[in-house]
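Biologist: I would like to learn how to read the inside of a protein model. Please start with one residue and work outwards.

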Amino acid sequence: MEVPRRLQPTPFTLALPKPASNVVSPLGTGENPAKDKLMERREEAAEERSVSDEDTLKAGVTIFVEADSSHADTSAARTMSRLPSQDSFSEESLISEEMLAEEAKKKLEGEEAAAKERAAQRQLFATEELVQTERNYLRMLQLCTVTVRNNLRKLQPPPPNLDSMFLYIEEVIDVSSRLLSLLDQKQVQPGDPEFLETLCNSFLSLSADIEAAYKEYLANYNNISAVENGYKQKEALWIEMVKVIKASEPDVNAASLSFFLVMPMQRIARYPLLLQTIQKHTDPSHPAYGLLEQTANTSIALNCRINEYKRFKEVADKYKKTEILTIKDKIYRLNTRSIAKKTARLSRQLKHETGMAAKLVDEEFDALEGFFYVLENGILELLENVETYLHHLQGFLACKTEVFDFDMDGEKEPICYKEITTALRQWILPTFEKRLRTLIHKPLCALRDLLAGPRNLIRKRLDKLLDYEVIEAKSNLSYEEQAVANTYKTMNTLLLNELPQFNGLALQMIWGMLGTFSCLHKDLASDMEQLFQSFAQQLPHSSLHPAAFWEWAESTVLEGARRLQTLCRSVEDTLNAPVVQPLNLSSQHCLKQLTDKHGSGKIYQVATTVVGSRDLDLNLNKGELVAVISEADTRGDKRRWLVDTGGRRGYVPASKLLRYHQPTDDPPPSPHLMLPEGLTGARRHSYTPDGQPQLFVRQPCFQVVAAYDFTARGNHEVSIRAGELVRVLEPHDKRGNREWSLVEAKGGQRGYVPSNYLSVVPVGGSSSSSQAF
């Protein structure tokens, strides 16, 4: 009999809701994504619950049918008891997750709103700081350049080189005021959305002007520090300056000019920091964010270019100075390193000249250098011509012909000439000379002084080029060699950038000065024409036809020139006639000796002092007598004559000799007497260039007498009595002093007496009516 088997339980699966960790989803950027997700989860959970209930009921029926009663009752009871609690747990988890998501979302949204508010607040603070500090910065610069500067000028004496400390600061003030004016024109405040765009556009539009103003000021800042250090070395002056600076603006509490003058250096470096701070707290979605980023990058690049320009200027200032060193200073500078450097440079130059080493050629720089030297020569030549012109103009003004009396009183021509000449010399020509010096000569002198800097830089660049050629081929450079290479490259770049500008500006100045010179002469001609037209109607020939007038003027000028030439020739002949001093006893003895030996036709007198430069040349003093032996030297050169001085023989230039003519009559008693007007005395021992003797008329109508008693005090003096007749031999002593005269008294005694003790009286007159020397 077969035993029935026990029924096996049918397996089933209980569908439970998913864990709560899978319910929470990340928050998106949609309208309300968290809520949508939660709603979907809720619907899915409801469907799962319904399906689970149905499956549970079916499974319960199957269990009751197939399984044994005890086991089925127990399983069904457990299953029925667990399902309601699980559903309530899932529903509560979903509700709590929804609440947590809502709270997280609100918290996140609050934090984002607070962060945006803080960023906007910081952006506003940074923008307000940029604008407000710019206004304070401009006010400080204006205070320094106006109030402090004017008060310092009132010091007695004013500080030297005060204006050099404020060089280029006017440009900095101008560009800062323009930046603020552009911001004020838009009438927007830092809190407005359009303010950032206005600020960026204003800064970008002025970036070139900001760079031009600040780079020159910062390049000159070392000079500002040097001048202020010079003030500090003078304790009294520095104390007075500090008092003035503190009294000018007590609220600022500044104690030196550098307190104000360092502000531009600090300000240009703050622009990138402030702009980057504004950019950092600006939302990338802001409309002006891209423009703000461009402005910040521009400010950084601007600072880099200014620093590079300042570095170039420091190199230029180092090498463009002209040092005047004494031999002692040059010896002190000699050392092993300097001697080796100069030897290497000289060796390199010799190799270039001999072709042993190739020379680095820079065609662009060579063209600039050649043009600079041509320009330098033109400037120096123009300055020399202007100085010569001014010298001739001063000579013309010094010759005041209108003050002389022409003995033509009552005639119109001399009157008009005097008035015209007076107006020229007192008004027209002095004004012209003043304008010429101000507009032409002074700028040319300044331009000449500016040439020294580029000239020294070009010379130093050649030296650095020779040093650079030695190390150019090396792959690894030491620290010193790298410094040499950097110095050469810096100087070369500086000259390539600055020399074309200097050449262009210098050429422009020259053309401008030449145009000014032409305009000055045009104004001078206009003034002179106006002056002459005012007197033209008073002249007798003003009514003539222009052709007849110019014919008359030409003939008159030619006739006047001929007369003037004749007069000048007559005056020149008169002036060239030498005045020979009276011969002393030794000269008379020499004259007699030479005349007896060579004859009177061979006697010549030395016109000027002769200094021999060849063998057999003589050294002769002015006035010495010689006899000509031969009118040519041994080679037939007629410019050198062989002469006899009475003891020595030698050669003398023929141009230094003039024929000597002995007087026909004896000289008067005193050849140097101061005769009354209208009377002339005879000249003693005279000669003429053409060889024709002059005839002299003796006028023995005056004589020299002693006006006072004089007692000799030595062998070189002679005693005379008042009224005693004397003969003057020389009107001066051996040194040429005219306070003493060499006379011959009674008995043939000779000696010196005071010149003011002698008087000139007519022949037969008394000493009471005499005229003293």
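Modeller: Begin with Tyr-214. Leaving aside neighbours within four places in sequence, Tyr-214 is in contact with Tyr-137, Val-172, Val-175, Pro-264, Arg-267, Ile-268, Tyr-271 and Ile-306. Contact means heavy atoms within 4.5 Å. This is a predicted model: local features need pLDDT of at least 70, side-chain atom pairs count only at pLDDT 80 or more, and totals for chains, interfaces and linings use all residues. Residues are numbered from 1 along each chain as its sequence is written, and side-chain values use heavy atoms, with hydrogens and water left out.

Biologist: Which residues have the most contacts inside the largest nonpolar core?

Modeller: In soluble globular proteins, nonpolar side chains tend to be buried together. A nonpolar core is a set of buried Ala, Val, Leu, Ile, Met, Phe, Trp, Tyr and Cys residues joined through side-chain atoms within 4.5 Å. Here the largest one has 61 residues, and Tyr-214, Leu-257 and Leu-261 have the most contacts inside it. Helix H2 (residues 69-153) supplies the largest share of this core, eleven residues. Another core, of 43 residues, lies apart from it and includes Phe-312 and Leu-496.

Biologist: Does "buried" have a cut-off, and why does Gln-279 count as buried?

Modeller: Buried means under 20% relative accessible area, exposed over 50%, partly exposed in between (1.4 Å probe, protein chains only). Gln-279 counts as buried because its relative accessibility is 15%. Gln-279 lies in helix H9 (residues 263-280); helices (H or I, at least four residues) are DSSP runs, numbered from the N terminus.

Definitions and conventions. Helix = DSSP H or I, 4+ residues; strand = E, 2+ residues; numbered from the N terminus.
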